[in-house]
Amino acid sequence: MLLCRNTFSLFWVASLSAALLQAAPIASESFDYRLGTELTGGRANGGIGWAGGWESTDGKEIRMDGGQHSLWFGNTPAYNQDGTGHIRCGNSQFAIRDWSTPVNLQTTDLYFAALIRISGADARCRVEFYDGTGASGNMRMNVGLNDTDSDGNVDLFVDASVGSYPAGAATDTPWIYQDTTYLLVAKRERDHVSASLFVGNTNAPTEPIVWDVSQSGTSGVDLQSMKLAVSTETVRFDELSIATTFTEAVAGLQTAVEAGLLLTHPAAGSTVYQT
């Protein structure tokens, strides 16, 4: 059970404005690859806004899973059979990717959004952001889940300057349902890094006034690459998005609804289907 202030609607697209539907992230990835595709060697080069494909090290690469099912916000069915897929990570695996338009933290905020799902109590994963290509140089945003402390809960954590699973990271200890998909959103401002988890309900997602977890740390670098690292095989990811506003980060996700569900946009009067 996740106890938090924020809720994410299963059918939020039906209430979005035309301006929101036109919003776009600077980079996004829906993992529309064949089952078994390795996220390394540039073989997985889909999505928009990226400078190249996913890279990794032999034996450490993440592979496509999901049997042509996307993650979605709900438990019946567990996955959305829409012809696309998601990634299920193994032990000690990682993937690195650069995006085309660096984000200057002196003048611009960076937002990261993704669907995340865990299938076991032992869940450790993180996403790190760097100012150099290929996840090199200065690491200036780290967000993830960790379960190695003594309280027995999975912690949502952020750190402004330390990679891996930093001991000094700001952490929260929500109760998280296994086999439930959540929206993870992180924000890097010039002087703070923050993150929150959203669970499906009846309200459209809005940027929190108070995030679930936040840590101070000033930086003015240009972020341009990310490293997705997973330490346990219980973690699944889908629908990554990098943007400069909360609205763009969330709007960049594919519609999280059952395949074939007809949605009507109230402002434009047009119909939208799951893709």
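The largest nonpolar core of this predicted model has 47 residues. Within this core, the residues with the most contacts are Trp99, Phe112, Phe129 and Met226. The element that gives the most to the core is strand 8, residues 110-118, with five residues. Phe112 offers a good view of how the packing is put together. Leaving aside neighbours within four places in sequence, Phe112 is in contact with Val127, Phe129 and Met226, and also with Met141 and Val143. Its remaining contacts are Leu184, Val185, Ala186, Leu240, Ser241 and Ile242. Another core lies apart from this one; it has eleven residues, among them Leu183, Phe198, Ala243 and Ala249.

Attention turns next to the sheet. Six strands form an open sheet in the order 7-16-9-10-11-12, and the pairing is antiparallel. Strand 7 (93-104) and strand 12 (170-172) stand at the edges; each has a single partner strand, so one side of each is left without a neighbour in the sheet. On average, and with direction ignored, neighbouring strands of this sheet are turned by 20° against each other. At the strand 7 edge, eight bridges join strand 7 to strand 16, and the two run antiparallel. Ile96 has Lys227 of strand 16 as its bridge partner.

Strand 16, residues 222-230, is also joined to strand 9 by six bridges, again in the antiparallel sense. Here Val127 is matched with Leu228 of strand 16 as its bridge partner. Strand 9 pairs with strand 10 (residues 136-146) too, through seven antiparallel bridges, and Met139 of strand 10 is the bridge partner of Tyr130. Strands 9 and 10 form a hairpin with three residues between them, and Gly134 in the turn has a positive phi of about 65°.

How many of the residues of strand 9 are buried? The count is eight of the eight residues in this strand (residues 125-132), so strand 9 is largely enclosed by the rest of the structure. In a regular strand the side chains alternate between the two faces of the sheet. Burial in strand 9 includes charged side chains as well, and two of these deserve a closer look.

Glu128, found in strand 9, has a relative accessibility of 2% and therefore counts as buried. Which side chains make polar contacts with the side chain of Glu128? One is that of Arg126, at 2.6 Å, and another is that of Tyr130, at 2.5 Å. Beyond four places in sequence, Glu128 touches Met139, Met141 and Asn142, then Gly163 and Ser164, and finally Ser225, Met226 and Lys227.

Arg126 lies in strand 9 as well and is buried, with a relative accessible area of 11%. Its side chain is the other half of the 2.6 Å polar contact with Glu128. Arg126 and Asn142 are 16 residues apart along the chain, while their C-alpha atoms are separated by 6.7 Å. Not counting residues up to four places away in sequence, Arg126 touches Asn142, Val143 and Gly144, together with Phe157, Ser164 and Tyr165. The same list continues with Lys227, Leu228, Ala229 and Ser231.

Is Ser216, placed in strand 15 (residues 213-216), buried or exposed? With a relative accessible area of 51%, Ser216 is exposed; the cut-off for this class is over 50%. Apart from residues up to four places away in sequence, Ser216 touches Ala160, Asp191 and His192. With His192 there is a polar contact between the two side chains, at 3.2 Å. Ser216 and Ser161 are 55 residues apart in sequence, and their C-alpha atoms are 9.7 Å apart in space.

A word on confidence completes the picture. The mean pLDDT of the protein chain is 75, and 67% of the residues reach 70 or more. Over residues 1-21 the pLDDT is below 50, and the model has 69 contacts for this stretch beyond near neighbours in sequence. Residues 73-77 also stay under 50 in pLDDT, with 15 contacts in the model beyond four places in sequence.

Key. Residues numbered from 1 in each chain as written. Predicted model: local features only at pLDDT ≥ 70, side-chain atom pairs only at ≥ 80, totals over all residues. Heavy atoms only, no water. Buried < 20%, exposed > 50% of the residue type's maximum accessible area, 1.4 Å probe, protein only. Helix = DSSP H or I, 4+ residues; strand = E, 2+ residues; numbered from the N terminus. Pairing = 2+ DSSP bridges. Polar contact = N/O pair within 3.5 Å; in protein donor to acceptor, adjacent residues only side chain to side chain. Contact = heavy atoms within 4.5 Å. pLDDT = per-residue confidence, 0-100. Axes fitted to C-alpha atoms, helices over the stretch in contact; angles between N-to-C directions. Core = buried A, V, L, I, M, F, W, Y, C linked by side-chain atoms within 4.5 Å.
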